[in-house]
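Here is a quick walk through one protein chain, for someone who would rather be at the bench. Have a look at the model first, then read on.

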Amino acid sequence: MAITTEERYKQMFSQLQFASEIRLKILTAWGAVYVALAATFVWFQSSGIWKPFSWVVPLLSVGITLLFWVGDYRNRPAIGAAKDVGIAIEEDPTNNIPEKQRYFSRLNEDIGIRHGVAINIFSVIMIVLLSVATGYLLYCSACKTA
């Protein structure tokens, strides 16, 4: 049974929407975990008993950042595949889709920064900052115990 071009186009739009929703869920969970870790850090800092172990929170945050970054990275091929198939359908001369009505072709125009690049930049900056914070807190806790 052959699938019509119109049905394929609808499927690619649905696939792109599904992959984008997964990315949104990853980013939402990432932010929620950061909020929870920030609250944990404040609690560690305000507690006399746990304060020397405050370095654990940013260290854990580095691991969380890597985990969510990999999750987003694994989702990127699904987004790219849906875009590629949509572009191929739009560029097929038998479909007669006017150029101004092409949705997928416009997604790949180089206007602004791509989401994947923004997520990469954010992840690298957070890993560096959280690593520095971990080192600083370890150094401070070692100075106070010595």
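## Charges and surface

For the charge count, Lys and Arg are taken as positive and Asp and Glu as negative, while His and the chain ends are left out. On that basis the protein chain carries 13 positive and 11 negative side chains. The centres of these two sets sit 13 Å apart. Keep in mind that this is a predicted model.

As for the surface, the protein chain exposes about 9900 Å², and 68% of that comes from carbon and sulfur atoms. Buried residues account for 27% of the 146 residues.

## Overall build

How many helices and strands are there in the protein chain? The count is four helices and zero strands, so the pattern along the sequence reads α-α-α-α.

The C-alpha atoms fill a box of roughly 75 × 30 × 20 Å along the principal axes. The radius of gyration is 22 Å, whereas a compact globule of 146 residues would come in near 15 Å. Take the contacts between residues at least 6 apart in sequence: 72% of them join residues at least 24 apart.

## T65, in helix α2

T65 belongs to helix α2, which covers residues 56-91. Is T65 buried or exposed? T65 counts as buried because its relative accessible area is 0%, and the cut-off for buried is under 20%.

Its side chain has a partner close to home in the sequence numbering: the backbone oxygen of S61, reached at 2.7 Å. Leaving aside residues up to four places away in sequence, T65 also touches W30, Y34, S123, M126, I127 and L130.

## I119, in helix α4

Over in helix α4 (residues 115-145) you will find I119. With a relative accessibility of 8%, I119 is another residue that counts as buried. Which residues does I119 touch, not counting those up to four places away in sequence? They are R23, L27, W30, W69, D72 and R76. W30 therefore turns up in the contact list of T65 as well as in that of I119, with contact meaning heavy atoms within 4.5 Å.

For a sense of distance, I119 and I22 are 97 residues apart in sequence, and their C-alpha atoms are 14 Å apart in space.

## L37 and S14, in helix α1

Helix α1 takes in residues 5-46, and L37 lies in it. L37 is buried too, at a relative accessible area of 11%. Once residues up to four places away in sequence are set aside, L37 touches V57, L60, S61 and I64. S61 is also the residue whose backbone oxygen the T65 side chain reaches. Going by C-alpha atoms, L37 and A118 are 22 Å apart in space, with their positions 81 residues apart in sequence.

S14 has its place in helix α1 as well, but S14 counts as partly exposed, at 42% relative accessibility. Its C-alpha atom is separated by 8.7 Å from that of A82, a residue 68 places away along the chain.

## N96, in a loop

N96 has its place in the loop between α2 and α3 (103-107). Buried or exposed, then, for N96? N96 is exposed because its relative accessible area is 63%, and the cut-off for exposed is over 50%.

The backbone at N96 deserves a glance while you are there: phi is positive, about 50 degrees, although N96 is not a glycine.

Technical notes: Residues numbered from 1 in each chain as written. Predicted model: local features only at pLDDT ≥ 70, side-chain atom pairs only at ≥ 80, totals over all residues. Heavy atoms only, no water. Helix = DSSP H or I, 4+ residues; strand = E, 2+ residues; numbered from the N terminus. Buried < 20%, exposed > 50% of the residue type's maximum accessible area, 1.4 Å probe, protein only. Polar contact = N/O pair within 3.5 Å; in protein donor to acceptor, adjacent residues only side chain to side chain. Rg over C-alpha atoms; globule rule 2.2 N^0.38 Å. Areas by Shrake-Rupley, 256 points an atom, 1.4 Å probe, with all protein chains shown as cover. Charge placed at Lys NZ, Arg CZ, Asp CG, Glu CD.
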